There are 2 protein chains.
Amino acid sequence: MPKLKLKAIKCTECPIRHRAVCARCDEDELLLLEGMKSYRSYKAGDTILWRGEPLEFVASVVDGVASLSKTLEDGRTQMVGLLLPSDFIGRPGRSQIEFDVTATSDLTLCCFDRAPFERLVEETPHVAQRLMELALDELDAARDWMLLLGRKTAREKIATFVEMLARRSRSEASNSQVVSKLPMTRDQIANYLGLTLETVSRQFNSLKKEGIIDFSNRHEFEVKDIIALNDATGDDSDGGVIF
Amino acid sequence: MPKLKLKAIKCTECPIRHRAVCARCDEDELLLLEGMKSYRSYKAGDTILWRGEPLEFVASVVDGVASLSKTLEDGRTQMVGLLLPSDFIGRPGRSQIEFDVTATSDLTLCCFDRAPFERLVEETPHVAQRLMELALDELDAARDWMLLLGRKTAREKIATFVEMLARRSRSEASNSQVVSKLPMTRDQIANYLGLTLETVSRQFNSLKKEGIIDFSNRHEFEVKDIIALNDATGDDSDGGVIF
DNA sequence: CCGCCTTTTTGACACAGATCAAAGAGCGGC
DNA sequence: GCCGCTCTTTGATCTGTGTCAAAAAGGCGG
């Protein structure tokens, strides 16, 4: 489990300062966090935490992608969360987690020892409030994923996944770049979408053949027809307005 | 949308006093809640809230079962949450919800107008803390469900569902009663498990034929072989201990 | 630049669960 | 107690996706 400690950057210069668990903190509170944080790095594929293992720290993702996954008796696995920069790992008030946490890409975490962090949560409402928002956002995402896993076809699953990646890369790059990264292997995508890797491959190629997306290489794609892509997700575009 | 106001019972005598959003409140805080609450009743099948509709109140389930569900363009639907007594509806800081809320059985809610409730959340850490716990519990449940929806077979889904109902009815009745209620129709169960109602029916009867469960009538069952039932869920019984 | 290892693609086939259809059960209203 | 409704069961068939297998494409170290 090769985890290296790195020197921490200053909170005020942190790339996730405005979105992570510290987003609402003022300068004083930030100083407290600064004093208890440490950085850890992981290589793609490393396991960060095992299910049931005592949880010694909580953390924010600073850079890279981590995933939460659950496994059945016979080895079938399902990703139950994808953690991107500013997302939070761990839950105050519980010393265990019910899933494995793995580095999907090379990863940097900003870690806090659990005990002092929990004390901080009790005392600073800004951290508690932000933690609550993050949890509720995750809950929303989990529910969207339940609809996908329970009711969408393989084609719809892939289209939804592609659309999500494209939207995210458009917003976070804050430019209208057309090329997006595919941050996982076919196998990982399959575990995320509740499919097999063969089906993932077939559906990607099917969308490509139809001219909806295009691949420059295996890990980069471009959306050619956003309308058709949106149609293919099966989502109800109607915002729920009552007529 | 037949919703009737009932006279409220006293918070101190409320059946969900110790588990709902008010669980950690002291007497003073309870008095504040008492002042802003009102009860509403719904008949089985009533829609409580529509997706996207402005959210005028938040609520705790006092009695009965409510469900959260999402729908695709063509009408396929997936339940994304089952709300039992003491569960909470609504999310502070957001005026809309992303799913429909429906009464699965006859239902009683303890409602709070959103604006005053949000002010209360800001001021009383006990409510905020409890809300956080409830959200995180729901997140855990959502993740278990993602594993079920993405990777379990029809048989495993039904076994998991039955096991969940049996465990719940055992704990909440606080006696070792053997008969449990099935609080939903086959169609609702299908929407919860990501199956069709025919498959639900077939799998129930298959478990019955094998002597694992038994039905006295369509809405009550008894677990005859808990070991076999547990096996049939496909879950990894190992708590994640590392050898 | 070559060879080895991993990831991805492609093909053939099987099967779990969906779909379509119709019969049976349960239950409230009259 | 009978009618008419909804919910459930059962049967026959179809199909999307999984499974098994093997070839192709990258990618990396030497």
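**Entry 1: A:Met146**

I started at A:Met146 in this predicted model and listed its contacts. Leaving out residues up to four places away in sequence, A:Met146 touches B:Gln78, B:Val80, B:Ala142, B:Trp145, B:Met146 and B:Leu149. Next I looked for A:Met146 in the nonpolar cores. The largest of them holds 127 residues, and A:Met146 and B:Met146 have the most contacts inside it. A general note to myself: in soluble globular proteins, nonpolar side chains tend to be buried together.

**Entry 2: chain A against chain B**

From there I went on to the whole contact. How many residues does each chain bring to it? I found 41 residues from chain A and 41 residues from chain B. On the chain B side, I noted that strand 5 (66-71), strand 6 (77-83) and helix 3 (125-151) each supply at least two residues. Helix 3 of chain B gives the most, with 18 residues. I also sorted this side of chain B by residue type: 18 are nonpolar, 14 charged and 9 polar.

**Entry 3: around DNA strand D**

My last stop was DNA strand D. Which residues come nearest to it? Of the 19 around the strand, they are A:Thr153, A:Thr199, B:Thr185, B:Arg186 and B:Ser201. I then checked which helices each supply at least two residues of this surface: in chain A they are helix 4 (154-173) and helix 6 (197-209), and in chain B helix 5 (186-193) and helix 6 (197-209). Helix 6 of chain B gives the most, with 6 residues. By type, I got 8 charged, 7 polar and 4 nonpolar residues for the surface near DNA strand D.

Methods:
Residues are numbered from 1 along each chain as its sequence is written. Chains are lettered from A and ligands numbered from 1 in the order in which they are written. This is a predicted model: local features need pLDDT of at least 70, side-chain atom pairs count only at pLDDT 80 or more; totals for chains, interfaces and linings use all residues. Two residues are in contact if their C-beta atoms, placed from the backbone, lie within 7 Å. Helices (H or I, at least four residues) and strands (E, at least two) are DSSP runs, numbered from the N terminus. Ala, Val, Leu, Ile, Met, Phe, Trp, Tyr, Cys and Pro count as nonpolar, Asp, Glu, Lys and Arg as charged, and the others, Gly among them, as polar. A residue is near a molecule or strand if its C-beta atom, placed from the backbone, lies within 6 Å of it. A nonpolar core is a set of buried Ala, Val, Leu, Ile, Met, Phe, Trp, Tyr and Cys residues joined through C-beta atoms within 7 Å. A residue is buried if 20 or more other C-beta atoms lie within 10 Å of its own, exposed if 12 or fewer, and partly exposed in between; C-beta atoms are placed from the backbone.
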